[in-house]
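Biologist: I would like a close look at a single part of this model, namely the way its helices meet one another through their side chains. Please take me through it slowly, as you would for someone in a first year of study.

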Amino acid sequence: MIDWWGLLTNLLWVAGLTIVLAAFSMAYYTARAARISLRQGLEELAFQIPFCVGTVLVGLGLLFSSGSWWEKMFGGLVVVGCLVQAGRLWKRWRNESPQA
């Protein structure tokens, strides 16, 4: 029988790592194309937002698939930390967007 819960929780962290890897790849590509340093490319919202989403998915996958309490605590801390970062990115995006 298929363990659907295990499949879903493992899908979360695999999808999260896929998004994180794609965000790094795009940041590297755009930094090279724009002839800026990778550090400057990683500071852009175009990298920060998908990285944050991917990290939240990794944390949720760890939170729901782990067995011991300290693994669940670590997953929860990752999720909370990324949600705090998402709030900061939201404020930064609102300040950088042109006013109508």
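Modeller: A nonpolar core is a set of buried Ala, Val, Leu, Ile, Met, Phe, Trp, Tyr and Cys residues that are joined through side-chain atoms within 4.5 Å. Please keep in mind throughout that this is a predicted model. The largest nonpolar core here has six residues, and these are Leu45, Cys52, Val56, Val78, Cys82 and Leu89. The elements that give two or more residues to this core are helix H3, which covers residues 45–65, and helix H4, which covers residues 69–96. In soluble globular proteins, nonpolar side chains tend to be buried together. If we follow one member of the core, Val56, and leave aside its neighbours within four places in sequence, we find that Val56 is in contact with Val79, Cys82 and Leu83.

From the core we can turn to the aromatic rings, among which there are five pairs. One of them joins Trp5 and Phe64, whose ring centres lie 5.8 Å apart with 65 degrees between the planes, an edge-to-face arrangement. This pair links distant parts of the chain, since Trp5 belongs to helix H1 and Phe64 to helix H3, 59 residues apart. Phe64 counts as partly exposed because its relative accessibility is 39%. A further pair is made by Phe24 and Phe47, whose centres are 5.0 Å apart and whose planes stand at 55 degrees, so the pair is tilted. Here too distant parts of the chain are linked, with Phe24 in helix H1 and Phe47 in helix H3, 23 residues apart. The two partners can also be described by their accessibility: Phe24 is partly exposed, with a relative accessible area of 38%, whereas Phe47, at 6% relative accessibility, counts as buried. Phe24 and Phe47 form one aromatic cluster together with Phe51.

Finally, let us return to helix H1, which covers residues 4–34 and includes Thr9. Thr9 counts as buried because its relative accessibility is 2%, and the cut-off for that word is under 20%. The side chain of Thr9 reaches the backbone oxygen of Gly6 at 3.1 Å. When residues up to four places away in sequence are not counted, Thr9 touches Gly61, Phe64 and Ser65. Phe64 therefore appears twice in this account, as a residue that Thr9 touches and, at 39% relative accessibility, as a partly exposed one.

Technical notes:
Residues are numbered from 1 along each chain as its sequence is written. This is a predicted model: local features need pLDDT of at least 70, side-chain atom pairs count only at pLDDT 80 or more; totals for chains, interfaces and linings use all residues. Side-chain values use heavy atoms; hydrogens and water are left out. Helices (H or I, at least four residues) and strands (E, at least two) are DSSP runs, numbered from the N terminus. Buried means under 20% relative accessible area, exposed over 50%, partly exposed in between (1.4 Å probe, protein chains only). A polar contact is a pair of N or O atoms within 3.5 Å; within protein, one must be able to donate a hydrogen and the other to accept it, and residues adjacent in sequence count only if both atoms are side-chain atoms. Contact means heavy atoms within 4.5 Å. Rings of Phe, Tyr and Trp (its six-membered ring) pair if their centres lie within 6.5 Å; planes under 30 degrees apart count as stacked, over 60 as edge-to-face and the rest as tilted.
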